[in-house]
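Please look over the fold below before reading on. This briefing covers its sheet, its helix packing and its unusual backbone spots.

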Amino acid sequence: PNPSLLILPGDGIGPEVMAEVRKIIDWFGANQGLKFDVSEDLVGGAAYDVHGVPLADETMAKAQEVDAVLLGAVGGPKYDNLDFSLKPERGLLRLRKEMDLFSNLRPAQCFDALADFSSLKKDVVAGLDIMIVRELTSGVYFGEPRGIFEEGNERVGINTQRYTESEIERAARSAFELAMRRNKKLCSMEKANVMESGVLWREVVTRVGKEYPEVELSHMYADNGAMQLVRAPKQFDVIVTDNLFGDILSDCAAMLTGSLGMLPSASLGAPMANGRPKALYEPVHGSAPDIAGQGKANPIACILSFAMALRYSFDQGAEADRLEAAVEKVLADGVRTADLLGEEGVTPVSTTQMGDAVVAALDAS
Ligand code: NAI
Ligand code: MG
């Protein structure tokens with residue numbers, strides 16, 4: 001049987017960028033014999049409009065069965081006043097939680113043609129290709145006790161940073177596996193100098209590392225890590241860190257490379273019966289209501305998310321490389337959506353034109 005893919009376009013620019021990914025998927029089917037059983041369903045506000053909930057049970061069940069889920073974006077002003085449990089974002093959170101996607105992969109890759117775009121000097125970022133692995137299901141965002149409590153005559157806000165050994169271990173393992181597929185270099189970031197969870201984190205990562213003697217493992221305090229990411233990001237290959245530090249460090253790394261419209265991500269869970277990890281692929285950006293419906297959205301983040309699916313769910317590393325090279329060529333040719341406009345006198349292309357340009361580059365590959 002063909003590998004299965006569930007597509008959830010979502011809201012705002014989600015359906016616009018996903019339409020371009022559909023062209024790419026069709027291209028691989030027609031030209032490389034790489035056929036997928038694709039189904040499409042609703043998530044976020046789009047699901048709320050039809051089902052009254054941001055993710056229907058049937059959609060959740062489908063997501064658990066397929067080999068990979070590809071999501072556009074959720075949210076929009078229309079839904080801002082909904083009850084917390086009905087907000088579009090809850091649809092995405094439900095997917096992450098019930099699929100138990102504990103390992104969030106955020107690449108920061110700088111395409112040469114966009115090196116001028118970075119917040120940093122060109123030579124600091126040109127050729128940059130690093131990957132941040134963020135633990136996604138535990139840590140301070142979930143730890144108990146949490147809440148705002150009365151204490152004496154004032155209130156106190158409490159969150160708890162909490163990691164079990166097995167939670168650290170599975171995140172570490174996914175980072176080591178990734179390092180093995182890349183350049184066998186892994187840097188673990190925590191604050192073992194001031195946090196107990198950081199002490200345990202370092203100990204467990206070191207222990208898991210014994211199983212991967214080929215991987216060069218280093219440890220860094222996360223605050224120094226933030227400095228090093230901005231000072232000399234090319235010293236890193238794979239970085240593994242907890243949920244909170246990962247949130248901040250991956251956003252920081254993202255800005256090394258330019259626009260939000262360029263950034264893909266993958267969230268992986270435990271292996272399924274067929275050996276593939278549970279997986280959700282999505283661009284980092286949101287539904288961009290300010291440009292939705294105008295044909296301005298950059299589809300590359302979503303296209304590169306599909307490239308990650310090819311690599312991490314479908315064992316098609318060479319085809320993922322082919323797709324990334326096609327994106328690189330289009331950028332080198334000067335094709336730009338409005339978010340990528342730096343140079344004077346360049347006319348932006350539409351979402352559709354950008355998708356077509358990538359398909360044309362695939363044709364030429
Ligand atoms: P956003 O990522 O939607 O937009 C931020 C800025 O970046 C906007 O100016 C937007 O036009 C621009 N932008 C984003 N993606 C782009 C693309 N592909 N091409 C060109 N420009 C792009 O974040 P914002 O504005 O904070 O949130 C808007 C809505 O999206 C909210 O409802 C929010 O909750 C939701 N959201 C959803 C996420 C998801 O589905 N994973 C993630 C972040 C926000
Ligand atoms: Mg963030």
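Helices (H or I, at least four residues) and strands (E, at least two) are DSSP runs, numbered from the N terminus. On that numbering, Asp 100 sits in the loop that joins helix H4 (88-98) to strand E4 (103-109). The model is predicted. An open sheet of ten strands runs through it, and several helix pairs are described after the sheet.

**The sheet**

- The strand order is E2-E1-E3-E12-E11-E4-E5-E10-E8-E9, and the pairing is mixed.
- Strand E2 (37-40) and strand E9 (216-221) are the edge strands. Each of these two pairs on one side only.
- Direction ignored, neighbouring strands of this sheet are turned by 20° against each other on average.
- Strands of a sheet pair through backbone hydrogen bonds, in either the parallel or the antiparallel sense. This sheet has mixed pairing, and one example of each sense follows.
- Parallel example: strand E1 (residues 4-10) pairs with E2 over four bridges. Ser 4 has Asp 37 in E2 as its bridge partner.
- Between these two strands, the chain leaves E1, passes through helix H1 (residues 14-31) and enters E2. This β-α-β crossover is right-handed.
- Antiparallel example: strand E11 (residues 264-271) pairs with strand E12 (residues 277-283) over six bridges. Ala 266 has Tyr 281 in E12 as its bridge partner.

**H1 against H10**

- Helix H1 and helix H10 (residues 300-312) pack at an angle of about 40°, and their axes are 8 Å apart.
- H1 and H10 are therefore oblique to each other.
- The crossing of H1 over H10 is right-handed.
- From H1, the contact takes in Val 17, Met 18, Glu 20, Val 21, Ile 24 and Ile 25. They meet Cys 302, Ile 303 and Phe 306 of H10.
- By class, this contact of H1 with H10 has eight nonpolar residues, no polar ones and one charged one.

**H10 against H11**

- H10 also packs with helix H11 (residues 317-332), at an angle of about 160° and with axes 7 Å apart.
- Angles over 145 degrees count as roughly antiparallel, so H10 is roughly antiparallel to H11.
- H10 passes H11 in a left-handed crossing.
- H10 supplies Ile 300, Ile 303, Leu 304, Ala 307, Leu 310 and Arg 311 to the contact. H11 supplies Gly 317, Glu 319, Ala 320, Leu 323, Glu 324 and Val 327.
- Sorted by class, the contact of H10 with H11 has eight nonpolar, one polar and three charged residues.
- Ile 303 of H10 takes part in the contact with H1 and in the contact with H11.

**H8, the sheet edge and H9**

- Helix H8 (residues 222-231) lies across strand E8 (185-190), E9 and strand E10 (238-241). H8 runs at about 105° to E9, which is an edge strand.
- H8 packs with helix H9 (residues 243-254) at an angle of about 10°, with axes 10 Å apart.
- Angles under 35 degrees count as roughly parallel, so H8 is roughly parallel to H9.
- Ala 222, Gly 225, Ala 226 and Leu 229 form the H8 side of the contact. Phe 245, Leu 249, Cys 252 and Ala 253 form the H9 side.
- The contact of H8 with H9 has seven nonpolar residues, one polar and no charged residues.

**Backbone spots to check**

- Most residues other than glycine have a negative phi, and most peptide bonds are trans. Two places depart from these patterns.
- Asp 100 has a positive phi, near 55°, and is a residue other than glycine. Its place is the loop between H4 and E4.
- The peptide bond from Glu 144 to Pro 145 is cis, with omega near 0°. Pro 145 belongs to strand E6 (residues 143-151).

How values were computed
Residues are numbered from 1 along each chain as its sequence is written. Chains are lettered from A and ligands numbered from 1 in the order in which they are written. This is a predicted model: local features need pLDDT of at least 70, side-chain atom pairs count only at pLDDT 80 or more; totals for chains, interfaces and linings use all residues. Two strands pair if DSSP finds at least two bridges between them. Axes are lines fitted to C-alpha atoms, for helices over the stretch in contact, and angles run from 0 to 180 degrees between N-to-C directions. Two residues are in contact if their C-beta atoms, placed from the backbone, lie within 7 Å. A crossover is right-handed if, with the strands pointing away from the viewer, the path from the first strand over the helix to the second runs clockwise. Angles under 35 degrees count as roughly parallel, over 145 as roughly antiparallel, 65 to 115 as roughly perpendicular and the rest as oblique. A crossing is left-handed if the near helix is turned anticlockwise from the far one by less than a right angle, and right-handed if clockwise. Ala, Val, Leu, Ile, Met, Phe, Trp, Tyr, Cys and Pro count as nonpolar, Asp, Glu, Lys and Arg as charged, and the others, Gly among them, as polar.
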